[in-house]
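Dear colleague,

Please find the structure below, handed over for your consideration. A summary of what was found in it follows.

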Amino acid sequence: MIIAKTYSPKEAEEKWYSYWLQHNFFRSVPDEREPYTIVIPPPNVTGVLHMGHMLNNTIQDVLIRRARMKGKNACWVPGTDHASIATEAKVVAMLKERGINKKDITREEFLKYAWEWKEKYGGIILEQLKKLGASCDWERTKFTMDEDMSEAVIDYFVRLHKQGLIYRGVRMVNWDPQGNTAVSDEEVIRKEVNQKLYYIKYFFSPQDGNASSLSDLPTSGLSDFLTVATTRPETIMADAAICVNPNDERYLHLHGKSVFIPLINREIPVILDDYVTMDFGTGCLKVTPAHDLNDYALGQKHNLPIIDILNDDGTLNEKAQILVGEDRFAARKKIAVLLEEAGALAKTEDYTSQIGFSERTNAVIEPKLSMQWFCKMQEMAKPALEYVLNGEVKLIPEKFINTYRHWMENVRDWNISRQLWWGQQIPAYYLPNGEYVVAKTKEEALAIANETYHSPLTINDLRQEDDVLDTWFSSGLWPISVFDGVRNPDNAEINYYYPTNDLVTAPEILFFWVARMIMSGHELRGQKPFSNVYLTGIVRDKLGRKMSKQLGNSPDPIELMGKYGADGVRVGMLLCSPAGNDLMFDESYCEQGRNFANKIWNAFKLIQGWAVDENLTNTNQIAIEWFDSRFNQALAQIEDDFKQYRLSEALMATYKLVWDDYCAWYLEMVKPVYKPNAEKQSIDAETYAATINFFQNILKVLHPFMPFLTEELWHDELFGERAELDCCIVAQLPAIGEINTQLVSEIEIIQQIVAQVRNTRNTKQLSPKEALPLAVRANSAIDYIKYQPIIKHLGNINELTLVTEAIGGAVNFIAGTDEFYIALNIEIDVAAEKERLEKERDYLIGFLKAVNAKLSNERFMANAKPEIIQNELKKKADAEARLKIVEDALRGLAG
RNA sequence: GGGAGUUUAGCUCAGCUGGUUCAGAGCAUCUGCCUUACAAGCAGAGGGUCACUGGUUCGAACCCAGUAACUCCCA
């Protein structure tokens with residue numbers, strides 16, 4: 001095959017992805033091999049691929065491909081979650097476009113439309129993952145609302161309810177008036193907002209001229225009102241009391257009094273509680289139990305009435321008496337005017353505070369009392385925390401253990417009901433007597449009801465709870481339910497694949513999702529769901545801003561892959577992604593990835609231009625042995641990096657192995673001298689075979705990072721005939737072989753010599769084509785005759801001689817502890833040379849002084865480990881040898 | 001307000017149990033090269049007060065205390 005000058009990824013990507021699919025390489029079924037399992041963090045079914053997904057799924061694919069190449073039965077389960085709020089919003093919007101109002105259709109009709117929407121758009125993100133090369137077992141694709149998945153959710157709900165871990169109750173929830181549903185604490189995003197603080201006067205007697213109902217109005221000298229500071233004047237109609245701190249001396253006169261709410265003149269008591277901060281606002285707090293979490297608690301404590309003045313959509317209801325029907329924010333503006341007119345507004349101040357917004361609709365969250373379903377967290381959190389603390393579940397990096405612990409120790413009950421239709425409808429059935437029964441089906445519920453209450457009810461007497469379950473309630477079962485382990489806890493698949501191995505996700509959902517999977521894993525199987533949780537960072541732009549649609553600073557992954565190739569983008573993502581740290585993404589990383597692909601491509605092209613000449617003997621034995629050792633060294637390094645989940649380092653080690661060791665050194669060492677009129681360059685059989693073998697091994701190591709390019713090259717005829725199933729994707733990684741460390745370190749010296757020769761050419765402006773003579777005065781045991789061919793070839797040296805005396809007037813340098821001379825026909829700048837040598841000498845003297853200081857320090861000799869002392873002795877010997885050379889050279893210059 | 005984390009070259013990051021000629025890598029930069037695999041390249045070079053102050057130690061980028069800046073989580 002004659003190949004192009006640059007690698008063009010597009011055809012290779014399409015060709016090999018479908019080849020892999022066609023030959024079922026992604027498919028996993030239980031067998032006798034060790035399993036390696038990853039479940040994908042199911043992306044939101046409404047989602048499209050963004051850079052966060054790219055990062056996350058690149059990492060998973062690297063891990064799964066590597067496991068496959070290590071002989072494991074690798075299974076990567078893909079899928080999506082149903083994202084109740086987001087999807088319902090999309091469907092409502094779709095209906096609106098068709099002129100349909102959600103309110104006018106039944107639940108069943110709505111769900112039909114929702115499924116229609118899901119079938120049409122729900123698979124987009126999974127298709128995009130294929131472009132990236134994701135080697136998921138697509139036959140296992142799951143959706144959290146698939147029939148079996150939903151059944152698992154219902155089973156789990158019934159089970160938890162039976163154990164008393166789920167209850168129904170009135171609680172203050174985060175109400176999203178736009179989405180018309182409660183959302184969990186985790187779905188509320190707090191933001192700093194500029195607001196106004198309104199100072200409102202509450203008078204001791206009614207303001208409209210009616211007689212005071214108080215017999216003991218404050219005596220003269222005291223004002224006839226108190227002032228309360230609030231950011232929410234529209235809720236005064238819901239006030240149940242005014243609270244002051246009992247220790248606040250300013251308000252001693254208020255104890256036992258009551259005041260009137262402005263505009264509506266409802267009388268409320270002044271209560272005492274040290275909950276009130278004396279130095280905030282005026283020190284008087286209006287207590288509105290229906291509309292503030294803390295006030296609710298205070299209200300409970302003091303037995304205050306709850307007056308809810310808001311409708312679900314955020315408008316004021318008739319209990320407000322005034323401004324009925326107005327939106328809460330419109331009402332705020334209007335009431336300020338009314339208060340002003342009534343003389344009840346003392347002043348307003350600018351004020352910033354944290355306000356909660358709905359993650360899905362961005363509406364301001366309204367604390368609202370309502371009947372909801374809750375999952376008790378404390379009992380479930382305890383064992384889930386243990387898994388992480390005792391290391392059964394490892395968090396990578398470890399710093400997240402603290403965060404996790406903090407959450408799990410301060411956990412609050414989880415509101416699992418959502419006032420939506422898209423999701424699993426809660427299996428609770430209300431009876432005419434006001435009680436309810438939880439059961440898997442309506443029929444079962446009926447049976448239970450009739451048994452419990454001895455009442456001959458019929459199926460139509462039961463009414464199912466309207467609410468659906470939080471999406472996280474179903475994704476919390478993901479690692480179990482994808483293997484049908486909830487409904488059939490002893491099936492072959494769950495027994496084989498569970499617990500899974502690695503989970504790759506974002507720290508933002510450590511609690512939302514990861515913790516809940518650990519809880520459900522413990523609850524259902526008494527086992528962890530996974531062994532390692534690799535937490536990725538947030539993808540930011542190079543200015544450090546989070547990538548977002550609004551800012552428009554996120555590149556389109558599909559376009560990026562078009563520009564740099566999927567392999568290039570994969571490499572680009574990994575190059576800048578240390579575990580757990582945010583990554584400052586920049587396209588230039590993908591460029592580096594693309595360049596790397598091209599480098600490999602061209603190395604391949606070079607070898608393609610060679611042909612074996614059986615008459616030639618192998619003159620490259622040293623180079624071959626050396627690269628073999630370097631390869632094994634790198635392999636060990638990469639293995640270690642993977643063990644520690646240092647993927648970017650593993651990639652960099654691979655990058656350097658290929659670019660530096662293989663291309664820049666090895667290939668240059670063995671490359672035949674160019675013969676202009678030959679179609680192919682002649683090379684001996686042994687070198688050719690070794691070089692190709694190395695290349696094939698390199699393709700294997702590269703494959704998890706760059707699957708397409710490696711598969712493309714793997715099938716070239718250069719490697720001989722390949723059987724249909726002989727693919728790089730299922731090739732087995734080479735085992736780590738022997739490493740000749742002496743050879744490696746001697747070649748390091750040779751590399752230094754070559755670099756010095758090249759540097760000499762550069763500084764003396766000599767052409768690389770001009771061959772130079774090199775003389776060595778060896779102090780070390782290195783056999784330079786052995787390395788002569790390499791030095792000559794790489795340094796373009798015409799003659800290498802061994803000498804025993806320094807050569808005056810020659811350019812000289814030191815490598816290791818040996819001296820080298822290049823005799824040139826040009827004048828040496830004696831002054832500059834002297835300066836250079838003196839600098840070197842001074843450095844060595846200083847260095848020796850430090851080493852000697854250590855060695856003559858009794859406490860060092862007494863405390864340091866023996867190998868450290870050995871090292872210092874070696875440092876001393878080496879430095880002394882070098883110093884001697886430098887001093888000799890200086891004497892030579894003087895003489 | 002409470003908690004966690006980060007700070008090392010222009011940028012992104014390594015630096016493991018305090019000790020290797022320890023201050024590193026990649027990218028970027030500069031200089032010279034269109035040298036028959038690759039200019040998406042080759043050869044070479046420069047670049048640092050390890051945030052700051054103090055302490056522990058024979059020895060500190062690393063351990064301890066304090067300070068500053070930034071980031072995240074929770075209220």
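In this predicted model, 50 residues surround RNA strand B, and the closest are Gln592, Lys599, Tyr674, Arg859 and Lys875. Of the atoms of RNA strand B that come within 4 Å of the protein, 67% belong to sugar and phosphate.

Several side chains place an N or O atom beside the backbone of the strand. In the case of Arg646, such an atom is 2.9 Å from a phosphate oxygen of RNA strand B. For Lys656, the partner is a sugar or linking oxygen, also at 2.9 Å. The side chain of Tyr589 likewise has an N or O atom 3.0 Å from a sugar or linking oxygen of the strand.

As to the composition of the surface near RNA strand B, 19 of its residues are nonpolar, 13 are polar and 18 are charged. The helices that each supply at least two residues to this surface are H10 (400–409), H18 (587–608), H20 (647–670), H23 (741–764), H25 (830–855), H26 (858–863) and H27 (866–894). The largest share, ten residues, comes from H18.

You may also wish to examine residues 829–893, which an unreviewed UniProt entry annotates as "domain: Valyl-tRNA synthetase tRNA-binding arm". Over this range the chain is 92% helix and 0% strand, and its end C-alpha atoms are 10 Å apart. Arg859 and Lys875, listed above among the closest residues to RNA strand B, fall within the annotated range of 829–893.

Yours sincerely

Note on methods:
Residues are numbered from 1 along each chain as its sequence is written. Chains are lettered from A and ligands numbered from 1 in the order in which they are written. This is a predicted model: local features need pLDDT of at least 70, side-chain atom pairs count only at pLDDT 80 or more; totals for chains, interfaces and linings use all residues. Side-chain values use heavy atoms; hydrogens and water are left out. A residue is near a molecule or strand if one of its heavy atoms lies within 4 Å of it. A polar contact is a pair of N or O atoms within 3.5 Å; within protein, one must be able to donate a hydrogen and the other to accept it, and residues adjacent in sequence count only if both atoms are side-chain atoms. Helices (H or I, at least four residues) and strands (E, at least two) are DSSP runs, numbered from the N terminus. Ala, Val, Leu, Ile, Met, Phe, Trp, Tyr, Cys and Pro count as nonpolar, Asp, Glu, Lys and Arg as charged, and the others, Gly among them, as polar. UniProt positions are given in the numbering used here, feature names are shortened, and annotations may be inferred rather than shown by experiment.
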